[in-house]
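Visitor: I have a structure open and have not looked at it before. Can you walk me through it?

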Amino acid sequence: MNDIYDIIIIGGGPGGIGSAIEAKALGLEKILLLEKSDNHSDTIRKFYKENKRVDKDWQGQIVEIEGNVPFSDGTKESTLDFFDDLIKSHKMDAFFNCEVDKITKNEGLFNVRSSKGDFVGKSIVIAIGRMGKPNKPAYKIPAKIRSRVNFNLDKCSEGENILIVGGGDSATEYAVELGKSNSVTLNYRREKINRPNPTNIALIERAFKDATVTPKLGVDIDSLEDADGLVQVNYKDGTTQIYDRVIYAIGGTTPVDFLKSANLALDAQGEPIIKENLESSVEGIYIAGDIAFKSGGSIAIALNHGYRIVKDIMAK
Ligand SMILES: Cc1cc2nc3c(=O)[nH]c(=O)nc-3n(C[C@H](O)[C@H](O)[C@H](O)COP(=O)(O)OP(=O)(O)OC[C@H]3O[C@@H](n4cnc5c(N)ncnc54)[C@H](O)[C@@H]3O)c2cc1C
């Protein structure tokens, strides 16, 4: 506990793993990875469906891998195995079930407070993603139906009548997959689905055509109501429909409280202010992965952040 780490990485998703592997590859000696769940890559484990296709060029963003992590297309399972092997083969200190809640700077060193005690480091990478707090709708979710209103597929079972809300890759992938064994409607507030990557657009258009997914496009939801334990959705066009389950796939929220607890400057939207070298307003604290963006991000981009950050640290 009294060791001083060259780099302390907070968050064991792609941004954190990438930073740790690059730190090892580029020659930093004392590396510590802290992850709040019981294993690495919690977002991939919780939000990707089984056997999900994992695209390197996610959401149409073509990314060349810059560093030492040869990530390529695969599935949820192959991606988790790939990260498992990387962590095991690059020996480093990694603590799981270790949630960080505060970072303070004192005489050029950082004190990182976590559920497993305090750690001291020379540089910090914050790579905690956005999916710890999935985006929620602005309207109220009545308490009685809360268990039927979800943000991932964990609670779904076959044969349910499900509404998916969202118009990005996650929403369309969820809809296409669930449409194979459920009655599925996809609701998006815009008339056209054009945000997902070309593969997902083709798949959802096919699903609409084959009627395995029913489109409900160009209309927002006004409110949700309890209908004898099921979810009544009241749309803004005056129509109403009852579903067994509603799943929102509308991205995640910036962990503002965490960033404030590290004393980082935020812009008017509550996003961290980040320099070109991915350093925050506090010298020595870097931001990697999804929280470096207002929206978007991908595994390959997060891995590249790790490479750029470690190179910047080594150059100082
Ligand atoms: C449904 C879905 C499908 C997707 N499909 C693809 C795809 O096919 N291809 C692709 O490239 N991208 C895809 N993405 C996006 C991709 O998952 C993200 O861009 C990527 O995971 C971002 O990595 P990250 O390290 O920034 O954050 P995350 O992956 O969110 O990792 C953050 C980690 O930090 C941990 N953490 C959070 N708070 C703390 C704390 N206080 N202390 C310690 N640890 C903490 C979390 O438990 C988590 O393990 C998809 C996303 C979703 C939601």
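Guide: What follows is a short tour, from the overall build to single residues. Keep in mind that this is a predicted model.

Visitor: Fine. How many helices and strands does the chain have?

Guide: There are 7 helices and 17 strands in the chain.

Visitor: And what box do the C-alpha atoms fill?

Guide: Along the principal axes, the box is roughly 60 × 35 × 30 Å.

Visitor: What does the radius of gyration say about a chain with 316 residues?

Guide: The chain has 21 Å, and a compact globule with 316 residues would have a value near 20 Å, so the two agree.

Visitor: What share of the residues is buried?

Guide: Buried residues account for 51% of the 316. As for the surface, the chain exposes about 15000 Å², and 47% of that comes from carbon and sulfur atoms.

Visitor: What about contacts between residues at least 6 apart in sequence?

Guide: Of those contacts, 62% join residues at least 24 apart.

Visitor: Charges next. How far apart are the mean positions of the positive and negative ones?

Guide: They are 2 Å apart, taken over 41 positive and 46 negative charges.

Visitor: Now the inside. Which residues touch the most other members in the largest nonpolar core?

Guide: Ile7, Val125 and Ile299 do, in a core of 32 residues. At least two residues each come from strand E1 (4-10), helix H1 (14-26), strand E2 (31-34), helix H3 (76-89) and helix H7 (299-315).

Visitor: Which element gives the most to this core?

Guide: H7, with 7 residues. In soluble globular proteins, nonpolar side chains tend to be buried together.

Visitor: Let me pick one member. What does Ile299 touch?

Guide: Setting aside residues up to four places away in sequence, Ile299 touches Pro14, Ile44, Tyr48, Val54, Phe71, Thr79 and Phe83. Apart from the largest core lies another one, of 21 residues, including Leu32, Phe110, Leu259 and Ile291.

Visitor: Leu259 is in that other core. How far is Leu259 from Asp228?

Guide: Their C-alpha atoms are separated by 41 Å, with the two positions 31 residues apart along the chain. Asp228 sits in the loop between strand E13 (221-227) and strand E14 (230-235).

Visitor: Is Asp228 buried or exposed?

Guide: Asp228 counts as exposed because its relative accessibility is 83%, and the cut-off for exposed is over 50%.

Visitor: Something else. What is the phi of Ser41?

Guide: It is about 60 degrees, a positive value, although Ser41 is not a glycine. Most residues other than glycine have a negative phi. Asn51 is another non-glycine residue with a positive phi, near 60 degrees.

Visitor: Where are Ser41 and Asn51?

Guide: Ser41 is in the loop between E2 and helix H2 (42-47). Asn51 is in the loop between H2 and strand E3 (53-54).

Visitor: And which of them is buried, which exposed?

Guide: Ser41 has 1% relative accessibility, so it counts as buried. Asn51 has 56% and therefore counts as exposed.

Visitor: Back to loops. Where is Pro272, and is it buried or exposed?

Guide: Pro272 is in the loop between helix H6 (256-261) and strand E17 (285-287). With 9% relative accessibility, Pro272 counts as buried.

Visitor: What is Pro272 in contact with?

Guide: Outside its neighbours within four places in sequence, Pro272 is in contact with Thr254, Leu259, Ala265, Leu266, Ile287 and Ile291. Leu259 and Ile291 belong to the core of 21 residues. The C-alpha atoms of Pro272 and Pro255 are 9.6 Å apart, for 17 residues along the chain.

Visitor: What else is paired with Pro255?

Guide: Met131, at 9.2 Å between C-alpha atoms, although the two are 124 residues apart in sequence. Met131 is in the loop between strand E8 (117-126) and E9. Beyond its neighbours within four places in sequence, Met131 is in contact with Thr43, Phe47, Gly251 and Gly252.

Visitor: Last one. Where is Gly159, and what does it touch?

Guide: Gly159 lies in the loop between strand E9 (149-150) and strand E10 (161-165). Not counting residues up to four places away in sequence, Gly159 touches Ser181, Asn182 and Asp244. Gly159 is exposed, at a relative accessible area of 61%.

Terms used
Residues are numbered from 1 along each chain as its sequence is written. This is a predicted model: local features need pLDDT of at least 70, side-chain atom pairs count only at pLDDT 80 or more; totals for chains, interfaces and linings use all residues. Side-chain values use heavy atoms; hydrogens and water are left out. Helices (H or I, at least four residues) and strands (E, at least two) are DSSP runs, numbered from the N terminus. The radius of gyration is taken over C-alpha atoms; the globule rule is 2.2 Å times the number of residues to the power 0.38. Buried means under 20% relative accessible area, exposed over 50%, partly exposed in between (1.4 Å probe, protein chains only). Contact means heavy atoms within 4.5 Å. Accessible areas come from the Shrake-Rupley method with a 1.4 Å probe; for residues, only the protein chains shown count as cover. Lys and Arg count as positive and Asp and Glu as negative; His and the chain ends are not counted. The place of a charge is taken as NZ of Lys, CZ of Arg, CG of Asp or CD of Glu. A nonpolar core is a set of buried Ala, Val, Leu, Ile, Met, Phe, Trp, Tyr and Cys residues joined through side-chain atoms within 4.5 Å.
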